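Please look at the sequence and the 3D structure below before reading on. The report then goes through the sheets, the helices and one special peptide bond.

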Amino acid sequence: SLLIFDVHDWLFYEAVFPKLLLMRSIDWLYRMTSDGVMVLSAELLPHYPGSFLLDNASHVQERETDKSQAREVALIASVDNRLDFELIERLIELLPDVKFHFHGWVQSHLHGVSARFESLCRHENVVYHGPYQNADL
């Protein structure tokens with residue numbers, strides 16, 4: 001298995017001694033003990049040379065679209081006990097003219113997850129596309 005240091009923010013920009021020394025020491029320790037570094041923002045790449053960028057898309061600008069015509073919802077997630085099945089089912093029922101597209105692994109080994117998800121998929125406005133590969137996103 002691999003240990004990846006997940007850097008989501010540049011936390012040093014307002015830090016001063018002695019907190020800065022502590023934070024830099026922890027950062028160094030993580031870098032030295034990890035097999036790799038993953039950053040979530042392109043602005044972090046100069047601070048973590050050789051790291052892998054998993055873009056958080058914070059730089060993406062909203063497209064000018066007529067949102068009144070938006071009639072589809074995509075959910076990309078691991079389907080497990082963390083999913084709020086009641087909320088999702090209520091939305092599906094309240095918005096019958098909206099198509100809900102589910103992409104992700106169904107954690108069928110967890111008690112009740114398969115049955116609850118199959119119940120969601122029985123609605124006409126739900127499409128399950130199966131598991132996804134991160135490379136396809």
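In what sense do strand 5 and strand 6 pair, and over how many bridges? Strand 5 and strand 6 pair in the parallel sense, over three bridges.

## Basis of the report

This is a predicted model, in which local features need pLDDT of at least 70 and side-chain atom pairs count only at pLDDT 80 or more, while totals for chains, interfaces and linings use all residues. Residues are numbered from 1 along each chain as its sequence is written, and side-chain values use heavy atoms, with hydrogens and water left out.

The pLDDT is the predictor's confidence in each residue, from 0 to 100. The chain averages a pLDDT of 88, and 93% of the residues score at least 70. Among the elements of the chain, the lowest mean pLDDT, 88, belongs to strand 1 and the highest, 97, to strand 6. Where pLDDT is low, the predicted coordinates should not be read in detail.

Helices (H or I, at least four residues) and strands (E, at least two) are DSSP runs, numbered from the N terminus. Two strands pair if DSSP finds at least two bridges between them.

## The sheet of strands 1 to 3

Strands of a sheet pair through backbone hydrogen bonds, either parallel or antiparallel. One open sheet has three strands in the order 1-2-3, with parallel pairing. Its edge strands, each pairing on one side only, are strand 1 (4–7) and strand 3 (52–53). Strand 1 is joined to strand 2 (residues 36–39) by four bridges, and the two run parallel. I4 has G36 of strand 2 as its bridge partner.

## The sheet of strands 4 to 6

Another open sheet has three strands in the order 4-5-6, and the pairing is parallel. Strand 4 (72–76) and strand 6 (126–128) are the edge strands, each of which pairs on one side only. Neighbouring strands of this sheet are turned by 20° against each other on average, direction ignored. For such values, axes are lines fitted to C-alpha atoms (for helices over the stretch in contact), and angles run from 0 to 180 degrees between N-to-C directions.

Five bridges connect strand 4 with strand 5 (residues 99–103), and these strands run parallel. E72 has K99 of strand 5 as its bridge partner. The chain crosses from strand 4 through helix 2 to strand 5, and this β-α-β crossover is right-handed. Right-handed means that, with the strands pointing away from the viewer, the path from the first strand over the helix to the second runs clockwise. On the other side of the pairing, H101 has V127 of strand 6 as its bridge partner. The chain crosses from strand 5 to strand 6 through helix 3, in a β-α-β crossover that is also right-handed.

## Helix 2 against helix 3

At what angle do helix 2 and helix 3 pack? The angle is about 10°, and the axes of helix 2 and helix 3 are 10 Å apart. Helix 2 is therefore roughly parallel to helix 3, a term for angles under 35 degrees. Contact here means heavy atoms within 4.5 Å. Helix 2 contributes F85, E86, I88, E89 and I92, and helix 3 contributes V113, R116, F117, S119 and L120.

## A cis peptide bond

Most residues other than glycine have a negative phi, and most peptide bonds are trans. The peptide bond from F17 to P18 is cis, with omega near 5°. P18 lies in the loop between strand 1 and helix 1 (19–33).

Definitions and conventions: Parallel < 35°, antiparallel > 145°, perpendicular 65-115°, else oblique.
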